[in-house]
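Biologist: I've got a model open and a pile of labels I'd like to see justified. Could you take me through them, value by value?

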Protein chains: 2
Amino acid sequence: MKHPSECIFFNLAKAGKKASRYLKNEVSRLGLTSVQTLVILFLFYQDQITSAELGKRTELDSATMAGVLDRIENMGLVARRPNHDDHRAISVCLTDEGRTIAEKLWDISEKANITFLKKFSKEEIAFLKGLLNRF
Amino acid sequence: MKHPSECIFFNLAKAGKKASRYLKNEVSRLGLTSVQTLVILFLFYQDQITSAELGKRTELDSATMAGVLDRIENMGLVARRPNHDDHRAISVCLTDEGRTIAEKLWDISEKANITFLKKFSKEEIAFLKGLLNRF
DNA sequence: AAAAAAACGCTTGCATACAATTGAAATATC
DNA sequence: GATATTTCAATTGTATGCAAGCGTTTTTTT
């Protein structure tokens with residue numbers, strides 16, 4: 001390593017920040033952040049799951065998850081419901097309004113994926129995603 | 001996009017977080033975070049630069065930079081000196097202690113790069129870094 | 001059944017991230 | 001040379017990110 005910019009930790013952190021900024025810019029007109037967007041998209045794919053399960057899928061720990069859920073719950077997009085099978089757990093659900101927003105977010109995200117990756121070929125994208133998923 | 005986990009923003013954010021966590025774990029015995037480590041490594045490569053220049057190189061904005069510098073300055077690792085050419089600017093310097101720590105961090109980082117990338121071939125690493133730097 | 005261990009959601013404290021703003025200083029424009 | 005704009009470092013406010021710990025409930029062990 002001749003220069004810190006060759007450090008993989010720097011490369012990945014930098015790319016992660018750029019991605020997050022890009023998505024946030026696309027969804028900010030809905031008053032949402034990139035993390036809130038991803039949480040809602042995962043819930044749109046499947047909701048009525050516990051906070052722990054949602055955290056595993058979205059890669060957010062319980063402390064971060066609590067804060068994110070607080071905020072999107074206050075916006076009326078999700079609801080925490082008691083879990084009758086396990087009284088420790090909650091069931092996170094999308095509200096009707098949350099589902100409406102989720103559809104818009106899905107649309108925006110699909111388009112943003114394409115524009116954000118405009119410079120890359122299909123093969124490069126597939127290869128990149130494959131590599132990233134091995135970390 | 002069939003599933004939110006295929007979203008490039010999710011892939012990059014996830015990899016960035018894993019990288020940051022991994023480096024932090026390696027340097028935490030020195031009482032430092034991954035971001036503080038990267039800032040010190042950039043200063044080790046070249047110091048006596050302005051906060052703005054350091055921010056450009058490390059990809060940190062001025063608000064984040066101010067906080068990071070506050071903390072590593074309080075640890076005695078860097079010093080903010082007045083810039084005689086430009087009275088608005090400061091000159092960020094590594095202290096002697098900072099330089100000693102930086103040498104250790106460089107060593108730790110080189111080893112961590114290797115172990116973090118153990119699963120990947122040289123070609124894959126080169127290709128990945130090339131792709132990441134195009135964002 | 002009783003005790004120990006684990007899992008759940010949450011809070012606290014600290015460290016990034018970043019938009020927006022400030023005051024001071026440098027530069028550009030006229 | 002006076003004015004407007006830009007640049008610099010820093011602060012504020014809000015949102016992650018994460019380690020450590022809490023009380024409650026469930027599961028495991030004995």
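Modeller: Sure. This is a predicted model, so keep that in mind throughout. Chain A has six helices and two strands, and along the sequence they run α-α-α-α-β-β-α-α. Its C-alpha atoms fill a box of roughly 55 × 30 × 25 Å along the principal axes.

Biologist: How much of chain A counts as buried?

Modeller: Of its 135 residues, 33% do. As for contacts in chain A between residues at least 6 apart in sequence, 47% of them join residues at least 24 apart.

Biologist: What makes you call α2(A) largely enclosed?

Modeller: The count of buried residues. Ten of the twelve residues of α2(A) are buried, so the rest of the structure largely encloses that helix. The buried set is Ser34(A), Val35(A), Gln36(A), Thr37(A), Leu38(A), Val39(A), Ile40(A), Leu41(A), Phe42(A) and Leu43(A).

Biologist: And how does the span of α2(A) sit against the expected value?

Modeller: From first C-alpha to last, α2(A) reaches 17 Å, close to the 16 Å expected at 1.5 Å a residue.

Biologist: Which residues have the most contacts inside the largest nonpolar core?

Modeller: Phe9(A), Val39(A), Ile40(A), Val39(B) and Ile40(B), in a core of 68 residues. In general, nonpolar side chains in soluble globular proteins tend to be buried together. Take Ile40(A): setting aside neighbours within four places in sequence, its contacts are Ile72(A), Leu77(A), Gly98(A), Ile101(A), Ala102(A) and Leu105(A).

Biologist: Now α3(A). Which of its residues are buried, and how do you know on which side they lie?

Modeller: Leu54(A), Gly55(A) and Thr58(A) are the buried ones. They span an arc of only 100 degrees around the axis, which puts them on the same side of α3(A). Among the elements covering them are α2, α4 and β2 of chain A. Right after the helix comes Glu59(A), with a positive phi near 70 degrees.

Biologist: What makes a positive phi worth a remark?

Modeller: Most residues other than glycine have a negative phi. Chain B has cases too: Glu59(B) is not a glycine, yet its phi is positive at about 70 degrees. Gln48(B), also not a glycine, has a positive phi near 60 degrees.

Biologist: Where do Glu59(B) and Gln48(B) lie?

Modeller: Glu59(B) is in the loop between α3 and α4 of chain B, while Gln48(B) is in the loop between α2 and α3 of chain B.

Biologist: Why is Gln48(B) called exposed and Glu59(B) partly exposed?

Modeller: Exposed takes 12 or fewer other C-beta atoms within 10 Å, and buried takes 20 or more. Gln48(B) has 12, so it is exposed. Glu59(B) has 15, which falls in between, so it is partly exposed.

Biologist: What about Lys119(B), in the loop between α5 and α6 of chain B?

Modeller: Lys119(B) has 9 other C-beta atoms within 10 Å, so it is exposed. Its C-alpha atom is separated by 21 Å from that of Asn133(B), 14 residues apart along the chain.

Biologist: Let's do the chain contact. How many residues does it take from each chain?

Modeller: It takes 39 residues from chain B and 39 residues from chain A. On the chain B side, the elements giving two or more residues are α1, α2, α5 and α6 of chain B. The largest share, 14 residues, comes from α1(B). By class, that side has 22 nonpolar, eight polar and nine charged residues.

Biologist: And the DNA? Which residues come nearest to strand C?

Modeller: Thr50(A), Ala52(A), Ala63(A), Val35(B) and Ala63(B), out of 28 residues around DNA strand C. The elements giving two or more residues there are α1, α3 and α4 of chain A together with α2 and α4 of chain B. The largest share, five residues, comes from α4(B).

Biologist: Which are closest to DNA strand D?

Modeller: Val35(A), Ala63(A), Thr50(B), Ala52(B) and Ala63(B), with 28 residues surrounding DNA strand D. Elements giving two or more residues are α2 and α4 of chain A together with α1, α3 and α4 of chain B. Here α4(A) gives the most, with five residues. The surface near DNA strand D divides into eleven nonpolar, nine polar and eight charged residues.

Technical notes
Residues numbered from 1 in each chain as written. Chains lettered and ligands numbered in written order. Predicted model: local features only at pLDDT ≥ 70, side-chain atom pairs only at ≥ 80, totals over all residues. Helix = DSSP H or I, 4+ residues; strand = E, 2+ residues; numbered from the N terminus. Arc of directions from axis to C-beta. Contact = placed C-beta atoms within 7 Å. Near = placed C-beta within 6 Å. Nonpolar A, V, L, I, M, F, W, Y, C, P; charged D, E, K, R; others polar. Core = buried A, V, L, I, M, F, W, Y, C linked by C-beta atoms within 7 Å. Expected span 1.5 Å × (residues − 1).
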